[in-house]
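Trainee: I'm new to this one, so please pick a single part and look at it closely with me. I'd like to follow how its strands are put together.

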Amino acid sequence: MVNDSIRKGLTNDTSSLRGLSLLAYSQLSRYDSPSYYKLCAISRAAGILAARKKSIRRGYASKTPYSVKPQLISCYGFKIENRSLRIPVSRRKRFRIPLTNHTLAVISQTGVTVRSFTLTPHSLSLSIAREPPEIECIHTVGVDRNLRNLTAGNDEWVSCYDLSETVRIVRTTGRIVASFKRDDARLRRLVSSKYGERRRDRTSQILHNTTKTIVAKAVERREAIVLEDIRGIRSLYRRGNWQGRKHRDKMNAWSFSQAQKQIEYKARWTGLPVIRLSKRETRGSSLTCPRCGERLQGDKRLERKLWCEKCRMVMDRDRVAAINLARRGRVRFARSRPPINEAQGGAVEAVKGNPTPTVIPGVDAPKLTYPPIS
Ligand SMILES: [Zn+2]
């Protein structure tokens, strides 16, 4: 049915769900199947055609699409009763598939609804939706994403999650692929795709662990997550920007949006609010002193450390960024809902001449009296 609909769509040059339903539905009447499946087949065909249209628009070569894998999808007409899924097979007749204990435990959670099922020769998947109640947050936590770490924190605590292992993995796989010297494009592609997959799996595992911890901690402390908008970062590392190929390759291999996606969906799944700050709102967030609002000074001798002339303090760049993001997010947070008490409403950013008694955690104690940099 899917392939019939695809063919119909290709000959009539339509890929919209509406257009395809009008064209293909009558044609599918020759199939002896409940109409639920016909609708879902048309919807799947529309999806395949839309994907093809997109690749053509982007200039990728595309073959005539064809659905190969046999699968049965429906978002209507099924029931879950007596610890099993009952799907319609013909008029008044249902086929029963028993469900495992794990599946039953997941779908019986509060707020979970089963939206559709997909049946293949070897597997059954249920797609579920969840509407979690939003967590009432009392504070915010800023998450600063860097090449070698993810730093989460606010005025009270900061923790830094090391990601330098991902950089090492990327470097190693790159070296392995580069060591392939034989003049054989086909084998080269095979080798690089194999190591590309391996790299993806290993780095995403590390990232998943980290983002999971960050979200779990934020839920525990009831803190809304504040993220920085780093769209357009790729254009920072292009040819002709005075960076050198090695540095450019390293920065472009960075999976920054993956971290963002993971944090966002994990937070949404638990009902934790996420605040995305715009470019304008985050300007200079890693260069402003969280204590006095002065612009921080960098120095070659201080790697990723910054110096505040006024407070006479050395601070960690990533930690400063996390604290500032938390503050700026908090300003937005306080605007969107009326403050309950003074402490909650008093989220003011440090400005010049208005020192706030903030303890900066993570500053190396012996370096507190670092000599000023001239
Ligand atoms: Zn300062």
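Mentor: Let's start with a small open sheet: 3 strands in the order β2-β3-β4, with antiparallel pairing. Strands here are DSSP runs of E with at least two residues, helices are runs of H or I with at least four, and both are numbered from the N terminus. Two strands pair if DSSP finds at least two bridges between them. Keep in mind that this is a predicted model, where local features need pLDDT of at least 70 and side-chain atom pairs count only at pLDDT 80 or more, while totals for chains, interfaces and linings use all residues. Residue numbers start from 1 along each chain as its sequence is written.

Now for the edges. β2 (79–81) and β4 (93–98) each have a single partner strand, so one side of each has no neighbour in the sheet. From one strand to the next, the twist averages 35°; angles like this run from 0 to 180 degrees between N-to-C directions, with axes fitted as lines to C-alpha atoms, for helices over the stretch in contact. Zoom in on β3 (residues 84–90) and you'll find 6 bridges joining it to β4, antiparallel. One to look for is S84, whose bridge partner in β4 is P98.

For context, have a look at the other sheet too. It's an open one with 5 strands in the order β9-β8-β7-β10-β11, and its pairing is mixed. β9 (158–162) and β11 (274–277) are at its edges with a single partner strand each, so one side of each is left free of a neighbour in the sheet. Neighbouring strands there are turned by 20° against each other on average, ignoring direction. At the β11 edge, β10 (residues 223–228) pairs with β11 in the parallel sense over 4 bridges, and L227 has R276 of β11 as its bridge partner. Helix α8 (residues 256–270) lies across β7 (139–145), β8 (149–153), β10 and β11, running at about 155° to β10.

How far can you trust the picture? The mean pLDDT of the protein is 81, and 83% of its residues reach 70 or more; pLDDT is the predictor's confidence in each residue, from 0 to 100. Over residues 339–374 pLDDT stays under 50, and the model has 51 contacts beyond four places in sequence for them. A contact means that C-beta atoms, placed from the backbone, lie within 7 Å. Where pLDDT is low, predicted coordinates shouldn't be read in detail.

Terms used: Contact = placed C-beta atoms within 7 Å.
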